[in-house]
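Colleague: Please take one part of this structure and look at it closely for a first-year student. I should like a connected account of that part and of what surrounds it.

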Amino acid sequence: MKAGGLLPVVVAVVLLRGAAAAPPRKPVDVPFEKNYVPTWAKDHIHYLNGGREVQLSLDKSTGTGFQTRGSYLFGHFSMHIKLVGGDSAGTVTAFYLSSQNSEHDEIDFEFLGNRTGEPYILQTNVFSGGKGDREQRIYLWFDPTKDYHSYSVLWNLYMIAFFVDDTPIRVFKNSKDLGVRYPFDQPMKLYSSLWNADDWATRGGREKTDWSKAPFVASYRGFHVDGCEASAEAKFCATQGARWWDQKEFQDLDGEQYRRLAWVRKEHTIYNYCTDRERYATMSPECKRDRDV
């Protein structure tokens with residue numbers, strides 16, 4: 001075959017590759033004050049390295065938290081977190097997006113503390129139109145108290161993807177065609193907090209917080225926010241379709257990412273609302289599309 005005869009094949013391969021899914025862009029680390037402000041108990045937030053590192057402290061009197069200055073409709077949001085070390089039973093470290101109304105939307109990372117030597121549990125959840133009850137829980141495959149790890153959300157009109165470092169641990173796709181509400185028109189702020197939840201966090205509340213181990217400290221870096229900033233009343237993103245996360249390669253995971261997600265499901269998932277027939281008589285319609293089963 002003449003060389004010219006290969007051209008259509010080469011072009012087709014290039015086009016296919018160009019249309020493939022891609023991992024999110026690398027987060028850009030910035031100081032805390034660029035994107036965030038304290039929410040409550042400011043005296044329990046400690047700043048290091050010119051605000052490039054922040055520590056939240058929990059004691060018997062109070063926990064603490066912070067939030068973004070702005071609200072966002074879609075984007076990529078990431079935080080480097082080193083979780084409470086030692087005996088952290090009863091404590092919860094949370095990193096999440098949430099709107100502010102009765103039928104609120106929310107995208108959650110919640111890290112549930114445990115007794116010394118037991119693995120941390122990471123719980124994720126998605127609320128849409130005020131409906132949640134979509135909990136999934138995994139054991140992390142590393143010790144999240146020894147060093148910083150990245151926890152990220154990619155949220156666009158097509159899916160919400162949760163990442164731990166570069167590994168996807170969950171996908172929640174836009175399944176409005178299946179009758180499932182999807183967060184798309186309510187701006188959300190990002191929040192993080194460290195608080196006592198020993199009525200439910202560890203073994204269903206059977207393990208209580210040991211206050212002799214206080215203060216409990218969670219550390220943060222990165223503070224990456226790359227989103228479409230909107231007022232609380234905005235119903236759409238003015239740059240919809242123009243930002244990098246709207247492009248075709250970010251509308252789904254790629255094959256390798258799905259393989260990693262399957263590994264998380266098989267080796268590390270300890271609870272999945274999609275398979276809980278005691279709690280739900282029938283499986284939610286989005287579960288198969290999200291490859292949760």
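Modeller: Let us begin with one pair of facing residues: Tyr96 stands opposite Asp108 in β7. The model is a predicted one, in which local features need pLDDT of at least 70 and side-chain atom pairs count only at pLDDT 80 or more, while totals for chains, interfaces and linings use all residues. Residues are numbered from 1 along each chain as its sequence is written, and side-chain values use heavy atoms, with hydrogens and water left out.

The strands come first. Strands (E, at least two residues) and helices (H or I, at least four residues) are DSSP runs, numbered from the N terminus. Strand β6 covers residues 91-98, and strand β7 covers residues 106-112. Seven bridges pair β6 with β7 in the antiparallel sense; two strands count as paired if DSSP finds at least two bridges between them. β6 is also joined to β13, by eight bridges, and these two strands run antiparallel as well. Here Thr91 stands opposite Asn196 in β13. Seven of the eight residues of β6 are buried, so this strand is mostly covered. Buried means under 20% relative accessible area, exposed means over 50%, and partly exposed lies in between (1.4 Å probe, protein chains only). Strand β13 itself spans residues 189-196 and holds Leu194. The relative accessible area of Leu194 is 0%, so this residue is buried.

β6 and its partners belong to a wider sheet. This is an open sheet of eight strands in the order β1-β4-β13-β6-β7-β8-β9-β15, with antiparallel pairing. At the edges stand β1 (36-40) and β15 (269-272); each has a single partner strand, so one side of each is left without a neighbour in the sheet. On average, neighbouring strands of this sheet are turned by 15° against each other, direction ignored. For such angles, axes are lines fitted to C-alpha atoms, for helices over the stretch in contact, and angles run from 0 to 180 degrees between N-to-C directions. At the β1 edge, four bridges join β1 to strand β4 (residues 64-68), and the two run antiparallel. Pro38 has Phe66 as its bridge partner in β4. Towards the other edge, helix α3 (residues 255-267) lies across β9 (136-139) and β15, and runs at about 90° to β15. Contact here means heavy atoms within 4.5 Å.

We may now return to β6 and β7 and consider their aromatic rings. A pair of aromatic rings is described by the distance of the centres and the angle of the planes. Rings of Phe, Tyr and Trp (its six-membered ring) pair if their centres lie within 6.5 Å; planes under 30 degrees apart count as stacked, over 60 as edge-to-face and the rest as tilted. By this rule the model contains 23 aromatic pairs. One of them joins Phe95 and Phe109: the ring centres are 6.3 Å apart and the planes stand at 10°, so the pair is stacked. Phe95 lies in β6 and Phe109 in β7, so the pair ties together parts that are 14 residues apart in sequence. Phe95 and Phe109 are both buried. Phe109 forms a further aromatic pair with Phe162, and this one is edge-to-face, with 5.4 Å from centre to centre and 80° between the planes. Phe162 belongs to strand β11 (residues 159-164), and the pair links distant parts of the chain, 53 residues apart. Phe162 is buried, as is Phe109.

Phe109 also has a place in the nonpolar interior. In soluble globular proteins, nonpolar side chains tend to be buried together. A nonpolar core is a set of buried Ala, Val, Leu, Ile, Met, Phe, Trp, Tyr and Cys residues joined through side-chain atoms within 4.5 Å. The largest such core has 59 residues, and Phe109 is among those with the most contacts inside it, together with Tyr36, Trp155, Ile160 and Phe223. Another core, of five residues, lies apart from it and includes Leu112, Ile121, Ala197 and Ala201. Two of the residues just named, Tyr36 and Phe223, also appear in one aromatic cluster with Phe32, Tyr47, Phe66 and Tyr220.
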